Amino acid sequence: MKKVFNYIVTDANLRCSIVNLISLIESGNQQPKFVEKFCDLLFRVYADNKLFEDALGVFDYMERSGLKIDERSCIAFLLALKRCDHIEMCFKFFQKMVDANVEITVYSISIMIDGLCKRGDVAMARDLMDQMVVKGIKPNLYTYNTLLNGFVKRKDAVGVNEMLSLMQRDQVAYNVVTYTLLIDWYGNSGKMVEVEKMFDEMRERGVEADVHVYTTVISWNCKLGNMRRAFTLFDDLTERGIVPNSHIYGAMFDGVCKAGQVEAAEMLLKDMQRQGLDVNEVIFNTLMNGYCKKGMIDEALKVMAIMEKKGFEAGPFAYNTIASGLCKVKRYNEAKKWLFTMMERGLALNTVNFSTLIDICCKEGNLEEAKWLFEDMKMKGVKPNSFTYNTLIHGYSKKGNIKQAYRLKCKMEEMGMTPDVYTYTSLIHGERVFGKLDEAMILFNEMIEKGFIPNAVTYTTLITGLSKEGRSDEAFRLYDEMIASGLTPDDKLCASLVGSLHTAKS
């Protein structure tokens, strides 16, 4: 019967209105039970074929006729609406279910809670769960996991802890989904001890870790640079017969490349190809970035060539990676050519590309071109970021145009960006180079008051300046601060301090 209905509702030549279909049954003086089953099946078929208005027509007829409406069919309709992202229609239909006195169970309410969480209305979803409890409907594991996921995505610690307390109260045991969510939650909070605790606990309780759990744990270890642990987990999952997916390989590639371990990245690439997994654009870009950070530009260019042969078009990120790599080895002209080639290929420069070009111009001392690029990016609707402003502030400070550097700092603040340690260090350097040490010290104290932690360059700039002027007491005070904060001074700085004692005596 279901196959026949499918043909009728999907074939344009056979389709007829709901009224005609139902009148065929009514005219035959069929038993109410038969009409009920007939309508229920028709309702499900319309839902399966995404003919939602027709399905609602059947529902309305059943309600008017006093026919019993099966909640399972309503759940199938709700799921079909949700799959098609018709969330508003979902809510309206759920209300129709309530008005028609359809039996409401934890399953239909959980679908609604999931829909609310997906559109960001987690508080409303939480209220719905409370209403469900008042009506004597007990939340199940799916309900709790859905709300837990909503609170995790919102970074709502109160909500997460509340869900865990309720699960403990109702003696709802965690499943693999719960553990995956909690591992991600603790990873986001930087609590790797808790991540490992959750991972161990799930195995102790006999909950089998799947590829998603391993992906989450490995990803967080890679992000925090714990590559030894990441490789241990990687070996563990392969020993358990779980095939690593492209997300795991992507995380591992990112981790080893950030750590400068390009040889390990090459091994992972071979292993990935052995598994029959396609290398995606993200992995190609990550590998290029790893080579560029090591100054291995030729290897990075080979990767780009392979990437393009495989049908991936090199985008702004790839071009910027090569350009940044060339900058590292001071091949500025080649770096600029790469970015201009990108423009010739019809790719628009983004904020990072423009900032890299501005940085190259500043390093070359060509502030006029840097200024032109800065104005050009704004004209093209590309918004400068804090790196763009810091690059220009550093360039102008180095050239002695401290007024323009301060103007850029003010503009940066007007645009809603907060000057950081790099901004202050550049300005301090500019003031120090041109002998205005008191102004440099005012800036230093201002950055401390604003909660910024000076870096080695900040301390070195000020200590060197104070030493040259024979202000050895201040220089040594800053030196002690530098050591106390865990920064290591270089030999030149130590020699500068010794020299300050001679300058002070003379």
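Trainee: What lies over the face of Trp 220?
Mentor: Lys 223 does, at 4.4 Å from the ring centre. Keep in mind that this is a predicted model.

Trainee: OK, on to rings with rings. How many aromatic pairs are there?
Mentor: The structure holds 14 aromatic pairs. One of them is formed by Phe 52 and Phe 77.

Trainee: Why is that pair edge-to-face?
Mentor: The planes of Phe 52 and Phe 77 stand at 70°, with the ring centres 5.8 Å apart, so the pair is edge-to-face. The cut-off for that label is an angle over 60 degrees.

Trainee: Where in the chain do the two sit?
Mentor: Phe 52 is in helix H4 (residues 52-64) and Phe 77 is in helix H5 (residues 71-83). They are 25 residues apart, and the pair links distant parts of the chain.

Trainee: Is Phe 52 buried or exposed, and what about Phe 77?
Mentor: Both Phe 52 and Phe 77 are buried. They also belong to one aromatic cluster, together with Phe 43, Phe 59 and Phe 93.

Trainee: Different topic: pockets. How much space lies in the largest pocket?
Mentor: About 780 Å³. Its lining has 23 residues, and those nearest the centre are Asp 359, Lys 363, Phe 387, Thr 391 and His 394.

Trainee: Which helices supply at least two residues of that lining?
Mentor: H19 (316-328), H21 (351-363), H23 (386-399), H25 (421-433) and H27 (456-468) each do. The largest share comes from H23, with seven residues.

Trainee: And how does the lining divide into nonpolar, polar and charged?
Mentor: Six residues are nonpolar, 13 are polar and four are charged.

Key
Residues are numbered from 1 along each chain as its sequence is written. This is a predicted model: local features need pLDDT of at least 70, side-chain atom pairs count only at pLDDT 80 or more; totals for chains, interfaces and linings use all residues. Side-chain values use heavy atoms; hydrogens and water are left out. On a 1 Å grid over the protein atoms alone, a cavity is a set of points where a 1.4 Å probe fits but cannot get out, and a pocket is an open set with protein on both sides within 12 Å along at least five of seven lines; lining residues have an atom within 4 Å of a point. Grid points are joined across faces, edges and corners, and a volume is the space filled by probe spheres set on the points. Helices (H or I, at least four residues) and strands (E, at least two) are DSSP runs, numbered from the N terminus. Ala, Val, Leu, Ile, Met, Phe, Trp, Tyr, Cys and Pro count as nonpolar, Asp, Glu, Lys and Arg as charged, and the others, Gly among them, as polar. Rings of Phe, Tyr and Trp (its six-membered ring) pair if their centres lie within 6.5 Å; planes under 30 degrees apart count as stacked, over 60 as edge-to-face and the rest as tilted. Buried means under 20% relative accessible area, exposed over 50%, partly exposed in between (1.4 Å probe, protein chains only). A charge sits over a ring if NZ of Lys or CZ of Arg is within 6 Å of the ring centre and within 35 degrees of the ring normal.
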